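Work through the following exercises with the coordinates open. Each task is followed by a stepwise solution.

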Amino acid sequence: MKLIMAIIKPFKLDEVREALSGLGVQGMTVTEVKGYGRQKGHTEIYRGAEYAVNFLPKLKIEIAVKSEVADAVIDAVASKAKTGQIGDGKIFVTALSHVVRIRTGETDGDAL
């Protein structure tokens with residue numbers, strides 16, 4: 001089992017969700033986050049005053065999947081979240097050693 005975490009631009013969420021639904025992914029967690037990488041932020045003008053926006057709004061999606069479908073999920077997220085511009089995000093993959101569905105007590109692959 002794998003936990004796939006992706007940081008993406010907010011307006012790409014619907015495209016990513018639709019692609020994952022097409023692969024049979026039944027759920028994901030989405031969190032609004034702020035951060036920066038090479039994009040570094042930018043300046044904006046508010047009421048005539050210029051100020052720096054150092055942390056940019058992004059979405060973090062987390063998807064737990066069986067190892068057999070992890071590569072397909074990664075490819076789907078990467079292709080649908082890509083704009084070709086700086087700040088498209090990153091995908092992180094970690095191994096899951098154990099999963100429990102609280103309601104039923106199912107474990108591991110059955111709990112996904």
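**Exercise 1. Fold and overall shape**

Count the helices and strands of the protein, give their order, and decide how the protein compares with a compact globule.

Solution.
1. The protein has two helices and six strands. The model is a predicted one.
2. Read from the N terminus, the order of elements is β-α-β-β-β-β-α-β.
3. The radius of gyration is 17 Å, whereas the globule rule gives 13 Å for 112 residues; 17 Å is well over that value, so the protein is more spread out than a compact globule.
4. The C-alpha trace spans about 55 × 30 × 20 Å along the principal axes.

**Exercise 2. Burial, surface and contacts**

State what share of the residues is buried, what the exposed surface is made of, and how far apart in sequence the contacting residues lie.

Solution.
1. Buried residues make up 26% of the 112 residues of the protein.
2. The protein exposes about 7,600 Å², and 51% of this area comes from carbon and sulfur atoms.
3. Take the contacts with a separation of 6 or more: 69% of them join residues 24 or more positions apart.

**Exercise 3. The two sides of helix H1**

Identify the buried residues of H1, determine how they are arranged about the helix axis, and find what covers them.

Solution.
1. Helix H1 covers residues 13–22, and its buried residues are Leu13, Val16, Ala19 and Leu20.
2. Viewed down the axis of H1, these buried residues fall within an arc of 135°, so they line one face of the helix.
3. On the face turned away from the buried side of H1 are the exposed residues Glu18 and Gly22.
4. The cover over the buried residues of H1 includes strands S1 (2–8), S2 (29–35) and S5 (56–65), as well as helix H2 (67–81).
5. Just after H1, glycine 24 has a positive phi of about 90°.

**Exercise 4. Lysine 9**

Is lysine 9 buried or exposed? Locate lysine 9 in the chain and list its contacts.

Solution.
1. Lysine 9 sits in the loop between S1 and H1.
2. Its relative accessible area is 12%. The cut-off for buried is under 20%, so lysine 9 counts as buried.
3. Leaving out residues up to four places away in sequence, lysine 9 touches Lys58, Thr83, Gln85, Ile86, Gly87 and Asp88.
4. For isoleucine 86, the backbone oxygen lies 3.5 Å from a polar atom of the lysine 9 side chain.

Notes. Residues numbered from 1 in each chain as written. Predicted model: local features only at pLDDT ≥ 70, side-chain atom pairs only at ≥ 80, totals over all residues. Heavy atoms only, no water. Buried < 20%, exposed > 50% of the residue type's maximum accessible area, 1.4 Å probe, protein only. Helix = DSSP H or I, 4+ residues; strand = E, 2+ residues; numbered from the N terminus. Arc of directions from axis to C-beta. Contact = heavy atoms within 4.5 Å. Polar contact = N/O pair within 3.5 Å; in protein donor to acceptor, adjacent residues only side chain to side chain. Rg over C-alpha atoms; globule rule 2.2 N^0.38 Å. Areas by Shrake-Rupley, 256 points an atom, 1.4 Å probe, with all protein chains shown as cover.
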